[in-house]
Amino acid sequence: MAVVSGPEFPGVKRGLIFAVDAANPESWQGPTSNTINNLILSNPTSGSIYNDPTGSFGENESFTFDGVGDYIGVEYNNLIVSDKPFTISIWFNSSSDSTGDMLFLVNNLSRAFWIQISSTTVNFRSRYTGIWDPGKTAPGTIDADTWYNYTLTYNGNSPTNLSNFQAFINSSPSTLQEGSTSSQNAYNNYNVIGASLTSGNPGGNFNGDIGPVLIYNRVLSSGEILQNYNQLKPRFT
């Protein structure tokens, strides 16, 4: 029988290498109050929650970001790599002024990857050997004060070929198209949730709530993505 390992999560577990969720005390340490600060992540990778992303611990049990300086920093540079398959899933609820806000960014020397809200769409970009690839957009209407799940898969073949990526919004496939050509920076090989870091200073700060963030070291099937979505949908709808 295969051994399934990874962070605590009620959905698909095979290949799960990172999970952080305000509602899951197995994924972080700290008091369940709105005064939390610098919490330690309890995953196989280390990291902290900086500048008071408060655990709302209410109906949705999510981390609340105020758009000023909040972020979650993960001190591991191999969660997402340009030449390895991955799946990343993010639940988010943005405020009305979240255009340009970062959901996730990782930098590993000459390789980088980020996901960002752009108007009513979600953009992602990858960088390989120092060259930024044009942004890829998952079309769709992203309304303020509404919960969404954005899932992106990458087969590891080439970050410059759009066909190697597939995006899903609320478990439904979303056609990718060329998007923004702007760039973002990360600092000190961090994975950053809710911001970017330049010289250690947060920017592009997310304003709203972020629910579970999951990273797998393989491509999840559409059925597995639907399974994860259905597992958490009652909590966010």
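In the predicted model, 53% of the 237 residues of the protein count as buried. The secondary structure comprises one helix and 21 strands, and residues 24 or more positions apart supply 60% of the contacts in the protein that have a separation of 6 or more. The protein exposes about 9800 Å², of which carbon and sulfur atoms contribute 46%.

In soluble globular proteins, nonpolar side chains tend to be buried together. In the present model the largest nonpolar core holds 39 residues, and those touching the most other members are Phe-18, Ile-88, Phe-92, Phe-104, Phe-113, Ile-115 and Tyr-150. For Phe-113, when residues up to four places away in sequence are not counted, the residues touched are Ile-80, Phe-86, Phe-104, Leu-105, Val-106, Phe-124, Arg-125, Ser-126, Leu-152 and Phe-165. A second core, separate from the largest one, consists of 14 residues, among them Leu-16, Ala-19, Leu-220 and Leu-232.

Strand β21, which spans residues 207-216, is mostly covered, with 10 of its 10 residues buried, and β21 pairs with several other strands of the model. Strand β1 (residues 16-20) is joined to β21 by four bridges in an antiparallel arrangement, and within this pairing Leu-16 has Tyr-216 as its bridge partner. Strand β8 (86-94) also runs antiparallel to β21, here through seven bridges, with Phe-92 partnered by Ile-210; Phe-92 is also listed among the residues of the largest nonpolar core that touch the most other members. Strand β6 is likewise antiparallel to β21 and is joined to it by four bridges. In this last pairing Phe-65 has Gly-208 as its bridge partner, while Phe-63 stands opposite Ile-210, the residue of β21 that is also the partner of Phe-92.

In a regular strand the side chains alternate between the two faces of the sheet. Strand β6 (residues 63-66) presents a covered face formed by Phe-63 and Phe-65, and an uncovered face formed by Thr-64 and Asp-66.

Helix α1 occupies residues 222-236. With 15 residues at 1.5 Å a residue, α1 should span 21 Å, and the separation of 20 Å between its end C-alpha atoms therefore agrees with the expected value. The helix nevertheless bends by about 30° at Asn-230, and a proline, Pro-234, follows within four residues. An α-helix has 3.6 residues a turn, so residues three or four places apart point the same way. The buried residues of α1 are Glu-224, Ile-225, Asn-228, Tyr-229, Leu-232, Arg-235 and Phe-236, and the elements that cover them include β8, β14 (147-154), β15 (165-169) and β21. Leu-232, one of these buried residues, is also a member of the second nonpolar core.

Within α1, Ile-225 has a relative accessibility of 3% and therefore counts as buried. Not counting residues up to four places away in sequence, Ile-225 touches Thr-151, Thr-153, Phe-168, Ser-171 and Leu-220. Ile-225 and Gly-11 are separated by 214 residues in sequence, yet their C-alpha atoms are 9.4 Å apart in space.

Most residues other than glycine have a negative phi, and most peptide bonds are trans. Two loop residues of the model carry a positive phi. Ser-171, touched by Ile-225, has a phi of about 75° although it is not a glycine, and lies in the loop between β15 and β16 (172-174). At a relative accessibility of 14%, Ser-171 falls under the 20% limit and so counts as buried. Asp-145, which is likewise not a glycine, has a positive phi near 55° and belongs to the loop between β13 (136-138) and β14. In contrast to Ser-171, which is buried, Asp-145 counts as exposed because its relative accessibility is 63%.

A further loop position, Pro-134, is found between β12 (131-132) and β13. Its relative accessibility of 35% lies between the limits for buried and exposed residues, so Pro-134 counts as partly exposed. Pro-134 and Thr-160 are 26 residues apart in sequence, with a C-alpha to C-alpha distance of 8.4 Å.

Technical notes. Residues numbered from 1 in each chain as written. Predicted model: local features only at pLDDT ≥ 70, side-chain atom pairs only at ≥ 80, totals over all residues. Heavy atoms only, no water. Core = buried A, V, L, I, M, F, W, Y, C linked by side-chain atoms within 4.5 Å. Buried < 20%, exposed > 50% of the residue type's maximum accessible area, 1.4 Å probe, protein only. Contact = heavy atoms within 4.5 Å. Pairing = 2+ DSSP bridges. Areas by Shrake-Rupley, 256 points an atom, 1.4 Å probe, with all protein chains shown as cover. Expected span 1.5 Å × (residues − 1). Bend = angle between axes of the 7 residues up to and from the residue.
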